[in-house]
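Biologist: Hello! I am new to this one, so could we look at it together and take it step by step?

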Amino acid sequence: MSQSLVVLLFAAVVLPSTGCMSVVNHAPLWCPDEAKRERVYGGVLLDVEGAGAALGPAARGEAGRPREVLNALWVGGVLLAVDLPLCAVADTLLLPRTLAAQRARRAAVPVPAPAVGPAQPGNA
């Protein structure tokens with residue numbers, strides 16, 4: 001396989017997916033777990049979680065075959081080397097939207113009323 005074909009395949013496969021965890025962080029369709037959606041630097045956090053899930057078994061020696069180790073290194077490496085820096089940029093650009101969404105979510109959560117118990121003798 002020629003070097004230009006490898007570069008073309010890399011560009012076609014990897015580059016469109018870069019920064020995608022930042023998009024996932026703000027998309028209810030792709031991130032249905034509301035606790036993990038619209039977090040500050042959520043794209044970076046999702047990248048780190050994904051890379052950890054991919055690299056964890058290989059690092060602990062639990063990946064059986066060499067092909068599994070290579071796959072883990074490929075997925076984890078791409079997430080950390082390519083997607084993570086672009087997610088950091090995208091998350092920084094989306095920071096005002098993220099903070100506004102978090103503020104709105106906090107305002108929607110009802111504050112519990114203080115518990116009022118029976119009067120204690122001697123406290124009247």
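Modeller: Gladly! One definition to begin with: a nonpolar patch is built from residues with over 30% relative accessible area and no salt bridge, their nonpolar side chains being joined within 5 Å. Please keep in mind that this is a predicted model.

Biologist: Thanks! Which residues form a nonpolar patch on the surface?

Modeller: Let's start with Leu99, which is found in helix α5, residues 95-108. At 36% relative accessibility, Leu99 counts as partly exposed, and a patch needs over 30%. Together the patch members have about 210 Å² of accessible area, and they are Val40, Tyr41 and Leu99.

Biologist: How many helices are there in the chain?

Modeller: Read along the sequence, the pattern is α-α-α-α-α. There are zero strands, and the number of helices is five.

Biologist: Which residue meets Glu38 in a salt bridge?

Modeller: Side chains of opposite charge can pair when their charged atoms come close. Here the N to O distance is 2.8 Å, and the partner of Glu38 is Arg97. Glu38 lies in the loop between α2 (20-25) and α3 (42-59) and its partner in helix α5, so the pair ties together parts 59 residues apart in sequence. Glu38 is buried at 15% relative accessible area, while the partly exposed partner, at 44%, is Arg97.

Biologist: And with which residue does Glu49 form a salt bridge?

Modeller: Glu49 has its closest N and O atoms 3.6 Å apart from those of its partner, Arg39. Glu49 lies in helix α3 and the partner in the loop between α2 and α3, so the pair ties together parts ten residues apart in sequence. The partner is buried, with a relative accessible area of 18%, and its name is Arg39.

Definitions and conventions:
Residues are numbered from 1 along each chain as its sequence is written. This is a predicted model: local features need pLDDT of at least 70, side-chain atom pairs count only at pLDDT 80 or more; totals for chains, interfaces and linings use all residues. Side-chain values use heavy atoms; hydrogens and water are left out. Helices (H or I, at least four residues) and strands (E, at least two) are DSSP runs, numbered from the N terminus. Patches are made of residues with over 30% relative accessible area and no salt bridge: like charges are joined within 9 Å, nonpolar side chains (Val, Leu, Ile, Met, Phe, Trp, Tyr) within 5 Å. Accessible areas come from the Shrake-Rupley method with a 1.4 Å probe; for residues, only the protein chains shown count as cover. A salt bridge is a side-chain nitrogen of Lys or Arg within 4 Å of a carboxyl oxygen of Asp or Glu. Buried means under 20% relative accessible area, exposed over 50%, partly exposed in between (1.4 Å probe, protein chains only).
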